[in-house]
Amino acid sequence: MNRLSRKNREKSGSQDVGGNSAQKNLEMMFADFKDPVENKISFDGMVRLCERLEVDPSDIIMLIIAWKLEAENMCEFSYDEWMRGMRRMNVDSLDGLKSRFPSLRAEIVDPESFRGFYKFAFGYSLDPGMKSLGLDTALAMWTLLLQDRWSLLPLWLTFLQEKQQNITRDTWAMLV
């Protein structure tokens, strides 16, 4: 794909996301980041996506995007997740997605929305087939999610480092 057509796609905005041109834009965006073997955006594609969006992969906006796409696996977006999620967000370009960042960030300020986002984060962070989070993953996720929301977070993290092995869904859910 040449740079000119990519630039035009990125600048197309977020109009007519239900139409054929929007469908094609979403498909071309997906193809830009797609794994060469599997029909999904995998880790390397996520890194490229972050570079093009000019965000750090650890920025909470990437977790918010995963939430909006209803992604099942960390650092992966399936074709269906990508297409449905981008349409739900009314986005058909990278510029359109970037323009949504402020409203996406604002959405998790609302306590009820944050609860849904927080609940999603547990399932999204689980390794396939597991029912609990590894301690390192849980600590990293809690830091990302709660660092500006809960003043006792440092004490909680220290306690867990001393006492816990894995984090169950019940332990996760009790904080919010």
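**Notebook: helix α3, two cysteines and a pocket**

I looked up cysteine 50 and found it buried, with a relative accessible area of 4%. Buried means under 20% relative accessible area, exposed over 50%, partly exposed in between (1.4 Å probe, protein chains only). The model is predicted, so local features need pLDDT of at least 70 and side-chain atom pairs pLDDT 80 or more, while totals for chains, interfaces and linings use all residues. Residues are numbered from 1 along each chain, and side-chain values use heavy atoms, without hydrogens and water.

Next I checked helix α3, residues 43–53 (helices are DSSP runs of H or I, at least four residues, numbered from the N terminus). Gly45, Met46, Leu49, Cys50 and Leu53 are buried there. Seen down the axis, they fall within an arc of 140° and so line one face of α3. The arc is taken from the directions from the helix axis to the C-beta atoms. Asp44 and Glu51 are exposed on the other side. Just after α3, glutamate 54 has a positive phi of about 60°.

Then I looked for disulfides (cysteine sulfur pairs within 2.5 Å). I found 0. The sulfur of cysteine 75 is 8.5 Å from that of cysteine 50, its closest, which is too far for a bond. Cysteine 75 is partly exposed, at 29% relative accessibility.

Last, I asked which element gives the most to the lining of the largest pocket. It is α3, with 4 residues.

How values were computed:
Helix = DSSP H or I, 4+ residues; strand = E, 2+ residues; numbered from the N terminus.
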